[in-house]
Amino acid sequence: MTTKQYGAEFLGTFWLVLGGCGSAVLAAAFPGLGIGFVGVSLAFGLTVLTMAYAVGHISGGHFNPAVSVGLWAGGRFPASQLLPYIVAQVLGGLAAGGVLYLIASGKAGFDVSAGFASNGFGEHSPGGYSMQAALITEVVLTAFFLIIILGATDGRAPAGFAPIAIGLALTLIHLISIPVTNTSVNPARSTGVAIYVGGWAVQQLWLFWLAPIVGALLGAAAYRVVGAKS
């Protein structure tokens, strides 16, 4: 069963990175008909919503190392599966980044150094936001993402609707933070494209591992308090 779970996490994270980052790289600024920030935000939300319904019953539908850490901290996930889940997620992200690179490089003038949907701060933030602003953004938004995930999947919540709430939450998170960091809240998503950019994207990658994981731990702790059964 565990092999199937890891495979589901690989596929789910692959779809998240290909769909979300692919929309940013290929469609966000397409001349005249680009989907813009709103379209990219929806794309990320739809990747999670669709794959949560498709394979969530197999693996739980994490698709994100920070989510796996947060679910572990929230008492919903065993420590023994944490590392294999994270490895599967990162590999899925890297595979998707590779496919996206092959597609994007099929257009004359493609330049991976332009960003390739990588996350960044300072001069590499879409809006020029500082490292401190990026850190706060990623910690706070990931914390609320975990609160929503833990709440929506609580046994007391309406059954069958969790993927919708979680997908819309990720859409909202992107609507807020694309200008600040290009939105991570997911170390596998960040790694999946940063590796192909190299240079600054890899140098700044530490923040997009540290901040989401810290945020996930804070969100799990908060839900343990407010969501505790009386």
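Contact here means heavy atoms within 4.5 Å of each other. You're looking at a predicted model, where local features need pLDDT of at least 70, side-chain atom pairs count only at pLDDT 80 or more, and totals for chains, interfaces and linings use all residues. Residues are numbered from 1 along each chain as its sequence is written, and side-chain values use heavy atoms, with hydrogens and water left out.

**Exercise 1.** Find Q89 and work out which residues it is in contact with, leaving aside neighbours within four places in sequence.

*Solution.* Start with the address: Q89 sits in helix 4 (82-104). Helices are DSSP runs of H or I with at least four residues, strands are E runs of at least two, and both are numbered from the N terminus. Next, check the cover. Q89 has 0% relative accessibility, so it counts as buried (buried is under 20% relative accessible area, exposed over 50%, partly exposed in between, with a 1.4 Å probe and protein chains only). Finally, list the partners: E9, T13, H62, F63, N64, P65, S68 and A188.

**Exercise 2.** Test whether the span of helix 5 agrees with its 22 residues, then say what covers its buried residues.

*Solution.* The expected span is 1.5 Å times one less than the number of residues. For helix 5 (residues 131-152) that should give 32 Å, and the end C-alpha atoms are 31 Å apart, which agrees. Now look for buried residues in helix 5: among them are A134, L141, F145 and I149. Their cover includes helix 3 (65-73), helix 6 (162-181) and helix 9 (207-226).

**Exercise 3.** Trace the network of salt bridges that links R76, D154 and R156.

*Solution.* A salt bridge needs a side-chain nitrogen of Lys or Arg within 4 Å of a carboxyl oxygen of Asp or Glu. The structure holds two of them. Take R76 and D154 to begin with: their side chains meet at 4.0 Å, N to O. R76 lies in the loop between helix 3 and helix 4, and D154 in the loop between helix 5 and helix 6, so this pair ties together parts that are 78 residues apart in sequence. Then turn to R156, whose closest N and O atoms with D154 are 2.8 Å apart. Last, compare the exposure: D154 is buried at 10% relative accessible area, while R76 is partly exposed at 36% and R156 is partly exposed at 48%.
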